[in-house]
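Dear colleague,

I am passing on the structure we spoke about, with the sequence alongside. Please open both together before reading the notes underneath.

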Amino acid sequence: MFSRQVSIKLKTNSAPDFKRIIESDILPLLRKQKGFRDELTLIAPERSLAVAISLWETKGDAEAYNSAGYPAVLKGLSKVIEGTPKVETFEVANSTFHKGAAKTA
């Protein structure tokens, strides 16, 4: 299993709108993506910062989303974010939420 971590700078006082867009627009789009497993979105309104962590079945699924789905997500969030979000991809080492998510080498 793989994860994408996206660090996002929010515009001042836009955390409520960000949360609404994630719930109404972004999550439905993610659920349609091949290999999508889960999304965790963290918001620190006092710092105008958000972190979105999505879980994917394979690295290929995460990469395909990055090319095909992510540009639409950025467009949908353009009114509430500043700059370009930082995206990092990780292999999931372990998870208590998704039993058996990580395979031992």
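What follows describes the sheet, then the helices that lie on it, and lastly one loop residue.

Please keep in mind throughout that this is a predicted model.

The sheet is an open one of 4 strands, arranged in the order 2-3-1-4 with antiparallel pairing. Strand 2 and strand 4 stand at its edges, and because each has a single partner strand, one side of each is left without a neighbour in the sheet. From one strand to the next, the twist averages 15°. As general background, the strands of a sheet pair through backbone hydrogen bonds, and this pairing can be either parallel or antiparallel.

Strand 1, which covers residues 2–10, pairs with strand 3 in the antiparallel sense over 8 bridges, and it also pairs with strand 4, residues 81–91, in the antiparallel sense over 8 bridges. R4 is a convenient residue for following both pairings, since it stands opposite S54 in strand 3 and has T89 as its bridge partner in strand 4. Another residue to look at is S7, which stands opposite K86 in strand 4.

Turning to the helices, helix 1 lies across strand 1, strand 2 and strand 3, and it runs at about 175° to strand 2. Helix 2 lies across strand 1, strand 3 and strand 4, running at about 35° to strand 1.

Which residues of helix 2 are buried? They are D61, A62 and Y65, and, seen down the axis of helix 2, they fall within an arc of 100°, so they line one face of the helix. These buried residues pack against strand 1, helix 1, strand 3 and helix 3.

In helix 3, the residues Y70, V73 and L77 are buried, and they cover an arc of only 55° around the axis, which puts them on the same side of helix 3. What covers them includes strand 1, helix 1 (15–31), helix 2 and strand 4.

Two packed helices are described by the angle between their axes and the distance between the axes. For helix 2 (residues 59–68) and helix 3 (residues 70–77), that angle is about 50° and the axes are 4 Å apart, which makes helix 2 oblique to helix 3. On the side of helix 2, the residues that take part are Y65, N66, S67 and A68, and they meet Y70, P71 and V73 in helix 3. Sorted by character, the residues of this contact divide into 5 nonpolar, 2 polar and no charged. Y65 therefore appears both among the buried residues of helix 2 and in the contact with helix 3.

Finally, is R47 buried or exposed? R47 has its place in the loop between strand 2 (36–44) and strand 3 (49–56), and its relative accessible area is 54%, which is over the 50% cut-off for exposed, so R47 counts as exposed. R47 and R4 are 43 residues apart along the chain, and their C-alpha atoms are separated by 21 Å.

With best wishes

Methods:
Residues numbered from 1 in each chain as written. Predicted model: local features only at pLDDT ≥ 70, side-chain atom pairs only at ≥ 80, totals over all residues. Heavy atoms only, no water. Axes fitted to C-alpha atoms, helices over the stretch in contact; angles between N-to-C directions. Helix = DSSP H or I, 4+ residues; strand = E, 2+ residues; numbered from the N terminus. Parallel < 35°, antiparallel > 145°, perpendicular 65-115°, else oblique. Contact = heavy atoms within 4.5 Å. Nonpolar A, V, L, I, M, F, W, Y, C, P; charged D, E, K, R; others polar. Buried < 20%, exposed > 50% of the residue type's maximum accessible area, 1.4 Å probe, protein only. Pairing = 2+ DSSP bridges. Arc of directions from axis to C-beta.
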